[in-house]
Amino acid sequence: MRRPLVAGNWKMNGTRSSVAELTQGLVRQVLPESVDIAVFPSFIHVDLVRSALAGARVSVGAQDCAQESEAGALTGEVSSGQLYELGCEWVLVGHSERRLIVGEDDGVVSRKFAAALAGGLKPVLCLGETLEQRRSGKTLDVVLGQLCRVIEDHGVSVFNNAVIAYEPVWAIGSGLTATPEEAQEVHAAIRRCLANEDAAVAEITRLLYGGSVKAENAAELFAMADIDGGLVGGASLKADEFGAICRAAGN
Ligand code: PEP
């Protein structure tokens, strides 16, 4: 039985005071014991959020890390080791905003994935197709291609310590959500792809759905056989709504 995980990606949002308010709102939530919960603030707020959530059973992750895990000459980057020292448990890797806006390709994503593990973090590998790719029937080719690059480079056993998030690009921040059936179809294909390499790894790897998850649609998405929780953007910036999504994962 896989334990659900609900992760909140706060993206490039928040000031010190709004982030403090959000964490206070989270601390007030009744959160289900049966669900793992994590939030991903900006680098500059990680320390503040860690302190504010100490004892709240909500772990903290970062939204990105450097391709190198070792300290060194890489101006402007933050290593997984530095994030681990700050108390991060997780890091997002390959979010579509980094793939499409910053220009990270599968090779960069794969190196960041390995660097995350080397520094002691658990990567959340984000996969997803654009609307154009979906409309031209390429969804599974794209998503499984992104996954295969990591498996080819590092072996499937890395998923003993990682999570996968399927996030159709067209559903991120758009208000459009994949139907539970559309999401399940891709999740099942991801699990089959893992199972072709190692059935035990496929069985334990948590697959999150992301893309306009809200309190009102979370329960039906999380009810699908291969959806083990959610990666939540906009709705994670409202403590009450995020709390409701976490409770939906516990039902
Ligand atoms: C995300 O950025 O990972 C995300 C899923 O965003 P939203 O929930 O706002 O679509």
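**Stop 1: the ligand**

Start with the ligand and select its shell: 14 residues surround it, with Lys11, Glu167, Gly173, Ser212 and Gly233 the closest. Keep in mind throughout that this is a predicted model. Colour the shell by class, and you get eight polar, four nonpolar and two charged residues.

Now show side chains and look for polar atoms facing the ligand. Pick Lys11: a polar atom of its side chain is 2.6 Å from a ligand oxygen. Move to His95, where a polar side-chain atom lies 2.9 Å from an oxygen atom of the ligand. Finish with Asn9, whose polar side-chain atom sits 3.4 Å from a ligand oxygen. Then turn on the surface. The ligand taken alone exposes 300 Å², and the protein buries 96% of that.

**Stop 2: Ser212**

Stay with the shell and select Ser212, one of the closest residues to the ligand. Ser212 lies in the loop between strand S7 (207–210) and H10. Is Ser212 buried or exposed? Its relative accessible area is 15%, under the 20% cut-off, so Ser212 counts as buried. Check the backbone too: phi of Ser212 is positive, about 55°, although the residue is not a glycine. Most residues other than glycine have a negative phi.

**Stop 3: Arg57**

Go next to another positive phi. Arg57 has a phi near 65°, and Arg57 is not a glycine either. Find Arg57 in the loop between helix H2 (46–52) and strand S3 (58–62). Arg57 is partly exposed, at 36% relative accessible area.

**Stop 4: the largest pocket**

Display the pockets. The largest pocket holds about 450 Å³ of space. Its lining has 19 residues; select Lys11, Met12, Gln63, Asp64 and Arg98, which lie nearest the centre. Lys11 has already appeared among the residues closest to the ligand. Which helix gives the most to this lining? Highlight helix H4 (residues 96–102), which contributes four residues. By class, the lining of the largest pocket splits into nine nonpolar, five polar and five charged residues.

**Stop 5: the second largest pocket**

Move on to the second largest pocket, with about 310 Å³ of space. It is lined by 16 residues, and those closest to its centre are Met1, Arg2, Pro4, Phe222 and Ile227. Highlight helix H10 (215–222) and helix H11 (239–250): these are the elements that give two or more residues to the lining. Colour that lining by class to see ten nonpolar, three polar and three charged residues.

**Stop 6: His187**

Select helix H8 (residues 180–197) and pick His187 within it. His187 is buried, at 0% relative accessible area. What does its side chain reach? Draw a distance to the backbone oxygen of Asp226: the His187 side chain reaches it at 3.0 Å.

**Stop 7: two C-alpha distances**

Select Leu140 in helix H7 (residues 139–154). At 31% relative accessibility, Leu140 is partly exposed. Add Ile190. The two residues are 50 apart in sequence, and their C-alpha atoms are 8.6 Å apart in space.

End at Ala235, in the loop between strand S8 (229–232) and H11. Ala235 has 8% relative accessibility and counts as buried. Draw one last line from Ala235 to Ala249: C-alpha to C-alpha it spans 15 Å, with 14 residues of separation in sequence.

How values were computed. Residues numbered from 1 in each chain as written. Predicted model: local features only at pLDDT ≥ 70, side-chain atom pairs only at ≥ 80, totals over all residues. Heavy atoms only, no water. Near = heavy atom within 4 Å. Polar contact = N/O pair within 3.5 Å; in protein donor to acceptor, adjacent residues only side chain to side chain. Areas by Shrake-Rupley, 256 points an atom, 1.4 Å probe, with all protein chains shown as cover. Nonpolar A, V, L, I, M, F, W, Y, C, P; charged D, E, K, R; others polar. 1 Å grid on protein atoms, 1.4 Å probe; cavity = no way out; pocket = protein on both sides within 12 Å on 5 of 7 lines; lining within 4 Å. Points joined across faces, edges and corners; volume = space filled by probe spheres on them. Buried < 20%, exposed > 50% of the residue type's maximum accessible area, 1.4 Å probe, protein only.
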